[in-house]
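Open the structure in your viewer, set it to a cartoon, and keep the selection box handy. We will walk through it one stop at a time.

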Amino acid sequence: LPAHIEARAGFYLADALTVVSPSTWPDAFMDARNVMAGALRIAAGERQAVSRCAGSGRHAYAGRAARGSYLNHAAIAASFLRESLPRVAVLSLGEHHASGTQSIFLSRADVLAVSVHGDPAQRYPFYTGYADEHGNEDAAGANLNLVLGAEADEKTADAALAEACEAIRRFSPGAVVVDIEAGLGAPFDQIGR
């Protein structure tokens, strides 16, 4: 790595939208603890658990922060649950594609990553989240992007959610981690209800 602090930070930050401050790690770690508390409850046999975080972390990659996401909470929960379950699914709902979540699981056939989101040609992250991204090599079919265009309405969003749920049902996971992006706008606000 380069010696200059800006160059070192840039190596781990995917974009200029990701700011690092003294509170970055404590805040991200506290959210990760909340997610792990929920995952531990599921692993102990509870049917459902809700973990609230300041941000979903959906854009954080395994080794790189992006768009204000430092730790990928859905990936943390899914990876933990996968240790005791043969298959886990992650359902991400939001205006933006869950780019980090897809990257983390793109080569894994044991985790189904499904993202219902707005058109990445018009929204961040722009370069990932397209419908033709299905998973790498042995994980073909373990990634599903359901892209809602600008003209999407509640009916379109409901149909995408139904398709996502059907894909998850066919995958037959032992647990489903649901990541809902905060501040959803129409038609996405209907998905979170």
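What follows is a tour of a predicted model, with something to select at each stop.

**Stop 1: the sheet**

Begin with the strands. In what order do the 4 strands of the open sheet lie? They run 3-2-1-4, and their pairing is parallel. Now colour strand 3 (143-148) and strand 4: these stand at the edges, and each has a single partner strand, so one side of each is left without a neighbour in the sheet. Neighbouring strands here are turned by 10° against each other on average, direction ignored.

Next, select residues 88-93, which make up strand 1. Strand 1 pairs with strand 4 in the parallel sense over 6 bridges. To see one of these pairings, click on Ser-92, whose bridge partner in strand 4 is Asp-179. Now bring in helix 3, which packs on the sheet and touches strand 1, strand 2 (111-118) and strand 4. The direction of helix 3 makes about 175° with that of strand 4.

**Stop 2: two helices side by side**

Keep helix 3 (73-82) on screen and add helix 2 (24-43). Two packed helices are described by the angle between their axes and the distance between the axes. For helix 2 and helix 3, the angle is about 35° and the axes are 9 Å apart. Helix 2 passes helix 3 in a right-handed crossing.

Show side chains to see who meets whom. On the helix 2 side, the contact residues include Ala-28, Val-35, Met-36 and Leu-40. They belong to a group in helix 2 that meets His-73, Ile-76, Ala-77, Phe-80 and Leu-81 in helix 3. How do the residues of this contact divide by type? There are 12 nonpolar, 1 polar and 1 charged.

**Stop 3: the largest pocket**

Switch on a surface and select Ala-49, Val-50, Ser-51, Val-178 and Asp-179. Of the 28 residues lining the largest pocket, these lie nearest its centre. Asp-179 should look familiar as the bridge partner of Ser-92. The pocket has a volume of about 850 Å³.

Which element gives the largest share of the lining? Strand 4 does, with 6 residues. Helix 2 and helix 3 are also represented, each supplying at least two residues. By type, the lining divides into 16 nonpolar, 8 polar and 4 charged residues.

**Stop 4: the cavity**

Rolling a probe the size of a water molecule over the atoms shows where empty space is left. In this structure, there is 1 cavity of 30 Å³ or more, and about 50 Å³ of space lies in the largest cavity. To find the spot, select Val-90, Ser-92, His-97, Thr-101, Ala-113, Ser-115 and Asn-145, which are among the residues that line it.

Strand 1, helix 4 (99-105), strand 2 and strand 3 each supply at least two residues of this lining. The lining residues divide into 5 nonpolar and 7 polar, with no charged ones.

**Stop 5: two backbone details**

Finish in the loops. Go to the loop between strand 2 and strand 3, where Pro-125 is found. The peptide bond from Tyr-124 to Pro-125 is cis, with omega near 15°.

Then move to Arg-67, in the loop between helix 2 and helix 3. Its phi is near 45°, a positive value in a residue other than glycine.

Methods
Residues numbered from 1 in each chain as written. Predicted model: local features only at pLDDT ≥ 70, side-chain atom pairs only at ≥ 80, totals over all residues. Heavy atoms only, no water. 1 Å grid on protein atoms, 1.4 Å probe; cavity = no way out; pocket = protein on both sides within 12 Å on 5 of 7 lines; lining within 4 Å. Points joined across faces, edges and corners; volume = space filled by probe spheres on them. Nonpolar A, V, L, I, M, F, W, Y, C, P; charged D, E, K, R; others polar. Pairing = 2+ DSSP bridges. Axes fitted to C-alpha atoms, helices over the stretch in contact; angles between N-to-C directions. Contact = heavy atoms within 4.5 Å. Left-handed = near helix turned anticlockwise from the far one by under 90°.
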